[in-house]
Every structure is written in C-alpha cells, then in structure tokens.
Amino acid sequence: MKAVVFDMDGILFDTERISCECWKETGEEMGLGDISEGVTGCIGLNKNDATALIHRLYGEDFPWEEFRARAHARMDRRIAREGLPVKTGVREILEYLEKQGYLVGLASSTAMQGVMGHLEQSGLTQFFQVIVTGDMVEHSKPEPDIYLKACEKLGAAPADAMAVEDSPNGIRSAYRAGMKPVMVPDMIAPTPEIEEMLFGKFTTLLDMLEYLKGLECNGEK
C-alpha cells in the first residue's frame with residue numbers, strides 16, 4: 001500500500017455531529033418540520049448532490065439556499081465559540097504516515113474554502129500532498145469521482161490506496177473507485193451491505209495507526 005486518502009468531516013474533525021445538530025436546529029427555527037432523513041442522507045454529499053436529494057425528499061419549494069446559508073452560519077458561530085474539535089488520533093496517524101513516506105491525500109465533499117479553513121485552523125495542512133474537494137467534481141460521494149481524482153493527483157493506483165471514511169456514502173465512493181475502504185464509524189453504523197465493502201474497520205484512528213504499524217513490522221506496507 002502506497003497511499004492513504006482521508007475524508008475530513010467525521011474523520012479528522014468531529015464536525016459531522018455539529019453539522020447535523022445545526023441542520024436540525026435550523027429546520028426547527030424555520031418551521032420546516034422533521035428533516036432527519038435529509039440530514040442523514042446528505043452526509044458525505046457535495047452541494048450539487050445534496051441539493052438534488054433535498055429537493056427529491058421535500059420538493060422543489062423547499063427553501064434550500066436560505067436553509068443552507070443559515071445552517072452554515074449557525075455552525076460557523078458554534079465552532080468560533082467552542083473551537084474546532086479534532087478527532088482522537090488525527091495528528092498521531094498523520095505524523096506516522098509522513099515519517100513512513102506514504103502518499104497522503106484528502107478527499108472531502110465539503111467545498112475548498114471550508115476544507116482549507118479547517119485545515120489551517122488545526123495546523124494540519126502540511127500533512128496532505130493532495131486535497132480534492134466537493135466543488136472540484138460534479139458528483140461527489142457515493143460516486144467514485146472524488147477518490148479517483150485524489151489517486152490520480154497522488155500518482156497512486158486505486159488498488160494501492162486506502163480510503164479512510166466514516167459514512168456509508170464515503171465507503172461506497174472508495175469501493176467504486178477500486179480502493180481499500182477503511183471505516184471509522186461516526187454518526188452512522190455500517191450496514192451489512194457496507195460491511196461487505198470494508199477492507200478494515202476501527203473504533204478510532206489510533207486503532208488504525210496500530211494496524212498500520214503492524215503492517216510495517218510484517219513488511220506488508
């Protein structure tokens with residue numbers, strides 16, 4: 001294995017949880033009723049695909065642009081107030097991969113501005129040789145485009161690359177790209193369908209780090 005490509009929200013940062021809470025609070029504030037299905041369904045999607053899903057679920061009259069703007073503003077205020085929550089083991093695994101000479105990329109359905117803001121705030125930008133974001137592809141996860149683009153930019157064959165994901169949409173994307181999908185579940189537990197796609201599953205990135213160290217010891221990198 002030559003490369004590791006990370007998702008961002010729910011893997012590097014505990015932002016998936018905050019985003020879902022802000023979406024639900026915004027929906028209540030706007031009197032939109034129960035939007036739980038849309039909240040869960042949009043995890044891992046870029047703006048284009050999230051827009052299509054929301055309109056399919058709630059109709060073309062759903063005030064998507066206003067809702068999205070208000071939810072993002074609510075999330076920005078919360079992170080400014082509480083800080084950006086980094087997930088357990090992030091810096092440790094990134095430092096290890098850098099030391100061992102792995103190619104490291106990031107493939108996030110979030111737009112470039114949001115991705116770079118989080119990476120710069122956390123001081124993690126330096127660890128990623130390639131960053132591919134949701135606004136760089138027409139269709140993001142669960143389609144394979146974003147991961148194929150990340151592998152191409154890294155110069156790694158998908159079969160030689162591991163994708164680290166927390167969501168079913170992300171796992172489907174990596175699997176369809178021909179990569180080795182690894183899940184660190186966050187908001188959504190894997191279904192039997194997703195379990196069959198997994199190369200590995202870990203509770204935290206620290207557990208994944210121990211696995212990678214084991215590969216190194218066995219000469220299987």
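# Salt bridges, a helix and a strand

Author: In this predicted model, the side chains of Asp186 and Lys87 meet in a salt bridge, with N and O 3.0 Å apart. The pair links distant parts of the chain, 99 residues apart. Asp186 sits in the loop between strand 5 (180-183) and helix 9 (192-195), and Lys87 in the loop between helix 4 and helix 5 (90-100).

Reader: Are these two partners buried, partly exposed or exposed, and how is that read?

Author: The reading rests on relative accessible area: buried is under 20%, exposed is over 50%, and partly exposed lies in between. Asp186 has 24% and is therefore partly exposed. Lys87, at 22%, also counts as partly exposed.

Reader: How many salt bridges does the structure hold?

Author: The structure holds 17 salt bridges. One of them joins the side chains of Lys47 and Glu65, at 3.9 Å from N to O. This pair too links distant parts of the chain: Lys47 belongs to helix 3 (residues 47-58) and Glu65 to helix 4 (residues 64-82), 18 residues apart. Lys47 is partly exposed at 38% relative accessible area, and Glu65 is partly exposed at 47%.

Reader: Where do Arg78 and Glu82 lie relative to each other along the chain?

Author: Both are in helix 4, and because they are four residues apart, about one helical turn separates them. Arg78 and Glu82 form a salt bridge whose closest N and O atoms are 3.3 Å apart. Arg78 is buried, at 13% relative accessibility, whereas Glu82 is partly exposed, at 47%.

Reader: Which residues are joined into one network by salt bridges that share partners?

Author: The network consists of Asp14, Arg17, Glu21, Arg78, Arg81 and Glu82.

Reader: What span is expected of helix 4, and what does the model give?

Author: The check multiplies the rise of 1.5 Å by one less than the number of residues. Helix 4 has 19 residues, and the expected value is 27 Å. The model gives 26 Å from the first C-alpha to the last, which is close to that value. After helix 4 comes Gly83, with a positive phi near 95°.

Reader: Which residues of helix 4 are buried, and how are they placed around the axis?

Author: One lists the buried residues, then looks at the arc they cover. In helix 4 they are Trp64, Phe67, Ala71, Arg74, Met75, Arg78 and Ile79. They cover an arc of only 130° around the axis, so they lie on the same side of helix 4. The face turned away from this buried side carries the exposed residues Asp76, Ala80 and Arg81.

Reader: What do the buried residues of helix 4 pack against?

Author: They pack against helix 1 (15-29), helix 3 and helix 6 (112-122).

Reader: Which way do the residues of strand 1 point?

Author: In strand 1 (residues 3-6), Ala3 and Val5 point one way, and Val4 and Phe6 point the other way. All of these residues are buried.

Reader: In which sense does strand 1 pair with strand 2 and strand 4?

Author: Strand 1 and strand 2 (residues 103-108) pair in the parallel sense over four bridges. Val4 has Val104 as its bridge partner in strand 2. Strand 1 also runs parallel to strand 4 (residues 161-165), again with four bridges. There, Val5 stands opposite Ala163.

Reader: Where does Glu196 lie, and is it buried or exposed?

Author: Glu196 is in the loop between helix 9 and strand 6 (200-201). Its relative accessible area is 69%, which means that Glu196 is exposed.

Terms used. Residues numbered from 1 in each chain as written. Predicted model: local features only at pLDDT ≥ 70, side-chain atom pairs only at ≥ 80, totals over all residues. Heavy atoms only, no water. Salt bridge = Lys/Arg side-chain N within 4 Å of Asp/Glu carboxyl O. Helix = DSSP H or I, 4+ residues; strand = E, 2+ residues; numbered from the N terminus. Buried < 20%, exposed > 50% of the residue type's maximum accessible area, 1.4 Å probe, protein only. Arc of directions from axis to C-beta. Contact = heavy atoms within 4.5 Å. Pairing = 2+ DSSP bridges.
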